[in-house]
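Please load the model in your viewer, with a cartoon display and the option to select by chain and residue range. The tour below moves from one selection to the next and says what can be found at each.

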Amino acid sequence: MTDNSVSRGPTRRSFLTGTAAAAGVVLGGRLLTTSTVMAAPGRTAVVAKSSAAVTHPVKQVHLAGTDGWVGMPGDAPPDPPFFPDPLAPSPFNTYVFGFRDVTGMTSNLVAAQRGKAQISAPMMAFDEDDDIYLTLTNLGLAQRPDLFDGHTLHWHGFVNAIPLFDGVPELSLAVPIGRDLTYFYRPHDAGTYMYHCHFEDVEHVQMGMTGMVFVRPAQNRTPLHAGERYAYNDGDGSTAYDREFAFMITELWSAAHYRDAHIQVNDWTDYDPSFWLLNGRAYPDTTAPNGDPLSTAAGRLQYQPISSLIRCNAGDRVLLRMSNLGYQNHELTVDNIDLTVIAKDASLLKGRDGTTNYLTTNAVEVGPGESRDAIFVAPGPGEYLLYDRKYSYLDNGGGAGYGGMMTKIVVGAPGTYPAQTAANV
Amino acid sequence: MRRLTVQRVLALTAAALVAVTPVVVRTQASAAEMSEGALCDTDTNQTFSLTARDGYISTPDGNSIYMWSYSSSKRGFQLPGPTLCVESGRPVTVILHNTLPEATSIVFPGQLGVKANGNPAQPQFDSGGSLTSLVQSAPATDGSVTYTFTAGSPGSYLYETGTDVDKQLQMGLYGALVVRPAGHPNQVNDRPDSAFANGKEYVYLLSEVDPDVHLAVERNQPVDVNSSKSRYFMINGRSMPDTLAPNNAPWLPGQPYGALVHIKPYDAVTNPLPATIHYLNAGSVNYPFHPHGSDERVINRDGHALQGPSGQDLSYLKYDLDVGPGQTLDVLMDWRDVEHWNATTNPIPTQIPAITDQLLVGPDTWFSESGYLGTKNAVPSNLTQNNECGEYYHIAHSHALEQATNYGAAFGGMMTVFRIDPPAGCVSQ
């Protein structure tokens with residue numbers, strides 16, 4: 001045990017000011033492709049790992065946590081008084097909490113995002129051995145000024161985490177309203193993860209503070225074939241892919257969202273969801289284009305900017321990253337296409353002796369808190385559906401017709417779609 | 001939304017009560033002694049006398065629930081039933097005495113060639129051909145039945161009621177059976193790579209309670225299990241924060257088994273072996289159990305090693321163990337100090353905010369106010385500091401988050417804590 005007189009290195013303020021010019025790129029709150037900046041002076045950027053030196057590119061992200069309003073499909077039947085929420089400003093109908101990507105924004109613009117949460121949270125992609133500085137600002141709740149909820153960031157599945165950066169307020173700390181906290185991560189294990197707020201987690205997760213984060217493998221730096229990208233450090237190229245699409249799987253219980261907006265208390269053991277979502281949208285919204293929460297162009301979907309439409313060319317190897325932060329098990333299936341599950345919970349399905357244990361299937365089960373990576377080879381041009389085999393989750397609020405956890409796979413002839421520049425494009 | 005949650009004195013004093021002497025297997029022979037880790041009932045002849053009886057458990061929100069459960073015939077009521085630890089390949093005898101007002105029985109899922117009173121264990125039918133029990137039962141009030149079998153493949157198994165199963169399982173008639181590989185009590189299965197650290201074995205028997213069913217049974221009223229809605233979710237018959245209390249905590253007299261994992265960081269020389277956790281689902285829905293801070297390697301499912309026909313390793317790492325009803329998973333886990341943060345030579349490159357900017361939750365904290373393992377900083381006097389010596393705490397909980405509540409109140413239910421001590425341990429121990 002060490003006593004409490006230790007020095008703690010550079011201060012947060014000196015760090016933030018020292019690198020303020022090197023802001024990341026805001027991509028419409030949809031996918032964060034963070035900028036690489038030089039390591040701040042005085043900090044070790046090269047650390048001995050095994051026998052080889054490993055560099056640690058610095059990535060910076062700034063997220064804000066707040067509340068806001070989103071739009072479930074407008075033709076869903078009313079469920080008075082819960083849905084549509086009578087407090088919702090047009091064109092919205094559902095109260096949420098959520099994160100926003102405010103990387104590079106001026107402090108005034110950051111503050112202006114209060115009450116403008118998005119679901120799902122911004123997707124984040126990093127490389128193995130990046131040094132990630134993730135600053136979380138708590139903007140408070142515009143609809144509920146009576147509450148003093150904190151927010152945190154829990155990188156769900158981060159291996160060998162330390163409590164300081166694990167985001168469980170009961171075991172470390174939370175970010176109070178009007179304050180910020182910088183989390184530090186140096187991921188060593190490629191794969192598909194998720195992140196969420198862990199403050200009053202049962203509530204804040206259901207309210208929408210959930211998003212995808214994935215880590216690309218070191219093998220990308222030394223590809224087996226020039227230009228190849230991989231999901232994992234597989235050693236044999238078996239996880240190579242041409243395109244990737246990520247899916248945050250959640251459910252939305254209208255009654256709970258209504259009660260939060262209307263200062264009422266919820267019994268979570270009565271959990272009874274109304275909408276089943278991919279990346280914060282229900283079908284057919286899932287197939288609408290990617291959006292930008294700073295633009296009103298998408299109308300009702302302004303604060304649900306992440307598309308789940310899969311577009312690829314015949315013969316492409318397509319990687320599906322699926323993470324479940326709902327409270328129910330889901331079984332994603334595709335007709336006419338085989339899916340090969342290569343990883344569960346960000347771990348390649350290979351034994352300690354290297355035995356490959358991939359699973360080829362047409363249905364991928366993902367439980368709450370779990371992730372799966374599956375690869376398929378795009379068949380001939382046409383349209384295919386990716387949907388939850390639990391048919392009762394394929395409607396919107398109990399209405400007629402198809403809805404819920406479903407999206408389309410659109411396959412074009414070779415050369416139809418240009419090379420992918422980011423996930424879910 | 002901030003709301004009042006039950007504040008019970010968190011049982012970190014447990015840590016100070018742990019016996020320092022290493023023991024391979026703690027047994028209930030030293031009953032009433034508080035301890036951590038799996039607590040086994042063992043017997044040189046592998047013969048166990050169990051009594052099905054009623055009793056009460058307490059929940060962290062102050063409720064008292066009427067239960068039926070198995071207990072050792074030498075002891076009083078407990079939930080869950082005693083953890084029976086046996087050796088693979090040797091005969092096992094379980095004598096069941098029934099003091100309940102209806103017939104009850106035990107099925108041993110995963111065991112082969114089970115006999116009841118010397119006859120093959122068989123489903124039971126009445127004269128009209130209707131199924132009355134999955135297996136021969138002990139009649140109501142003072143009946144008994146003796147089950148025998150040869151302990152099967154090494155791993156963990158449930159034992160549970162085979163009679164009026166919807167109701168009796170909900171009422172609490174379940175327990176854990178741990179089959180150890182012959183000659184290798186510190187391995188999970190026959191593979192040398194399943195070895196675990198001395199004394200670092202944990203049983204997580206997962207279940208749920210619908211208090212309405214229990215109240216109806218207690219009052220001898222009709223029970224509608226089909227409209228059942230569970231409100232309490234438990235590990236070893238306890239809900240968070242009671243899960244952190246030591247084994248045999250005197251304030252939980254009918255709930256003797258704790259669920260606090262207590263380890264030190266992996267070290268190739270001084271701490272090379274992982275801990276093992278046996279997950280068993282005695283409920284009716286999936287329990288997707290998420291340990292923070294570390295992956296766990298699934299090496300057994302339903303009592304069988306995950307390996308190919310030539311011994312290929314088919315184990316896999318998970319950050320969420322989605323245990324299905326009736327399933328068991330045996331895992332190995334450790335925590336590794338990957339970054340070796342050191343305040344002088346390798347400082348954490350961020351600053352902890354002033355305590356007024358931290359929003360600690362509740363009147364007590366487990367946070368050491370430091371990112372460094374083994375460093376503990378001061379907290380203001382209005383906070384109760386549970387942290388002992390700068391150790392780390394990670395929670396582990398069901399991620400079907402309605403199960404991580406006590407009747408809807410967050411930070412409860414199917415949840416516990418993994419404690420990671422500095423390599424040299426806490427000075428106080």
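A residue counts as buried if 20 or more other C-beta atoms lie within 10 Å of its own, as exposed if 12 or fewer do, and as partly exposed in between, with C-beta atoms placed from the backbone. This is a predicted model, in which local features need pLDDT of at least 70 and side-chain atom pairs count only at pLDDT 80 or more, while totals for chains, interfaces and linings use all residues. Residues are numbered from 1 along each chain as its sequence is written, and chains are lettered from A and ligands numbered from 1 in the order in which they are written.

Begin with residues 371-377 of chain A, which form strand β24, a mostly covered element with six of its seven residues buried. Helices (H or I, at least four residues) and strands (E, at least two) are DSSP runs, numbered from the N terminus.

Next, add residues 317-324 of chain A, strand β18, which runs antiparallel to β24(A) and is joined to it by seven bridges; here A:V318 stands opposite A:F376. Then select strand β20, residues 339-344 of chain A, which is also antiparallel to β24(A), with four bridges between them, and in which A:A343 faces A:D373. Two strands are said to pair if DSSP finds at least two bridges between them.

Now move to an open sheet of five strands in chain A, ordered β17-β26-β25-β19-β23 and with mixed pairing. Its edge strands, each pairing on one side only, are β17 (310-313) and β23 (363-366) of chain A. At the β17(A) edge, four bridges lead to strand β26, residues 406-412 of chain A, and these two strands run parallel; A:R311 has A:V410 as its bridge partner.

For an annotated region, select residues 118-219 of chain A, which an unreviewed UniProt entry lists as "domain: Plastocyanin-like"; such annotations may be inferred rather than shown by experiment. The end C-alpha atoms of this span lie 33 Å apart, and 6% of the span is helix and 36% strand.

Finally, show both chains together: the contact takes 65 residues from chain A and 69 residues from chain B, where two residues are in contact if their C-beta atoms, placed from the backbone, lie within 7 Å. On the chain A side, the elements that give two or more residues are β10 (180-185) and α3 (201-206), and the largest share, four residues, comes from α3(A).
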